[in-house]
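The following exercises concern a single protein chain and its bound metal ion. Please work through each task with the structure open before reading the solution.

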Amino acid sequence: MSVPAVFLDRDGTVNESVPSAAGLRPPWSVDELRVDAGTRGLLDRLRQAGYLLVVVTNQPDVARGSLAADVLDTINAAVVTQLGIDAVYACTHDTADDCACRKPLPGMLLQAAADHDIDLSHSWLIGDRWVDVAAGLAAGVRSVLLRHDDSWRATTSGAPPTGLSAEAEVATLAEAVDYILGVSRPAAARPSG
Ligand SMILES: [Mg+2]
Ligand SMILES: [Zn+2]
């Protein structure tokens with residue numbers, strides 16, 4: 001029987017991004033991995049509500065040479081252990097690789113759905129960038145955006161498509177979990193562009 005999932009972006013959603021001169025970047029070691037003390041409890045609430053927890057993360061620094069693939073695996077394993085995640089899917093390509101997995105494309109979500117018999121029509125995505133929302137939309141899942149100043153900024157994948165919007169925009173993971181569980185329903189999100 002198929003199960004609903006909450007797809008979780010990794011950096012900026014379940015762990016902190018690392019500030020750098022070039023902007024926010026992912027942790028490049030387990031030592032740089034920072035998870036807020038409340039995050040485990042929030043994700044436990046989703047799990048207890050019956051959702052499979054699946055991390056879907058773009059990690060182009062592997063293709064770019066600033067992050068070794070085995071180090072990425074170690075960081076992802078720490079995320080799984082610390083947060084009780086059921087599965088992690090990582091795209092280690094860059095835009096020029098033209099892969100099917102790099103968000104805003106839905107490849108990682110579709111692969112996870114096939115691997116774990118996920119009911120996409122009852123699933124959700126939480127992310128902090130427009131590419132997360134776009135991937136969720138393309139996979140047919142509902143999305144909640146953790147809104148910050150860079151959420152709608154153009155990426156190496158380009159600018160967000162005009163009219164793209166999340167079902168809800170919230171400031172914190174706690175609010176996103178409350179929204180998904182129906183505890184609170186903040187005002188509808190504004191479309192981009
Ligand atoms: Mg992110
Ligand atoms: Zn990829």
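Helices are DSSP runs of H or I that hold at least four residues, and they are numbered from the N terminus. The model used throughout is predicted.

**Exercise 1. Determine how Asp61 and Arg64 are placed relative to each other and how their side chains meet.**

Solution. Step one is to locate the pair: both residues belong to helix H2, which covers residues 61-64. Their separation is 3 residues, about one turn of the helix. Step two is to inspect the side chains, which form a salt bridge at 3.8 Å, N to O. Step three is to compare burial, for which the cut-off is a relative accessible area under 20%. With 9%, Asp61 is buried, whereas Arg64, at 43%, is partly exposed.

**Exercise 2. Identify which parts of the chain are tied together by the salt bridge between Arg64 and Asp94.**

Solution. The side chains of Arg64 and Asp94 meet at 2.9 Å, N to O. Arg64 is in helix H2 and Asp94 is in the loop between strand E5 (87-91) and helix H4 (107-116), so the bridge ties together parts 30 residues apart in sequence. Elsewhere, salt bridges with shared partners join Asp9, Lys103 and Asp132 into one network.

**Exercise 3. Analyse the salt bridge between Arg45 and Asp178.**

Solution. The whole structure contains 12 salt bridges. In one of them, the side chains of Arg45 and Asp178 meet at 2.9 Å, N to O. Because Arg45 lies in helix H1 and Asp178 in helix H6, this pair ties together parts that are 133 residues apart in sequence. Arg45 itself is partly exposed, with a relative accessible area of 30%.

**Exercise 4. List the protein donors of the magnesium ion (ligand 1) and place them along the chain.**

Solution. The protein donors are Asp9 (OD), Asp11 (O) and Asp128 (OD), lying 2.1 Å from the ion. Along the chain, the donors follow the spacing D-x1-D-x116-D. Asp11 sits in the loop between E1 and strand E2 (18-20), while Asp128 sits in the loop between E6 and helix H5 (130-139), 117 residues away. Both Asp11 and Asp128 are buried.

**Exercise 5. Describe the largest nonpolar core and the contacts of Val6.**

Solution. The largest nonpolar core has 29 residues, of which Val6, Leu8, Leu43, Leu46 and Ile126 touch the most other members. Elements that give two or more residues to this core include strand E1 (5-8), helix H1 (39-48) and strand E4 (52-58). Leaving aside residues up to four places away in sequence, Val6 touches Leu46, Tyr51, Leu52, Leu53, Val54, Trp124, Ile126 and Ile180. A separate core of 20 residues includes Phe7, Cys91, Leu109 and Ala139.

Notes. Residues are numbered from 1 along each chain as its sequence is written. Chains are lettered from A and ligands numbered from 1 in the order in which they are written. This is a predicted model: local features need pLDDT of at least 70, side-chain atom pairs count only at pLDDT 80 or more; totals for chains, interfaces and linings use all residues. Side-chain values use heavy atoms; hydrogens and water are left out. A nonpolar core is a set of buried Ala, Val, Leu, Ile, Met, Phe, Trp, Tyr and Cys residues joined through side-chain atoms within 4.5 Å. Buried means under 20% relative accessible area, exposed over 50%, partly exposed in between (1.4 Å probe, protein chains only). Contact means heavy atoms within 4.5 Å. Donors are N, O and S atoms within 2.8 Å of the metal (3.2 Å for Na, K and Ca); water is not among the atoms, so sites may look incomplete. A salt bridge is a side-chain nitrogen of Lys or Arg within 4 Å of a carboxyl oxygen of Asp or Glu.
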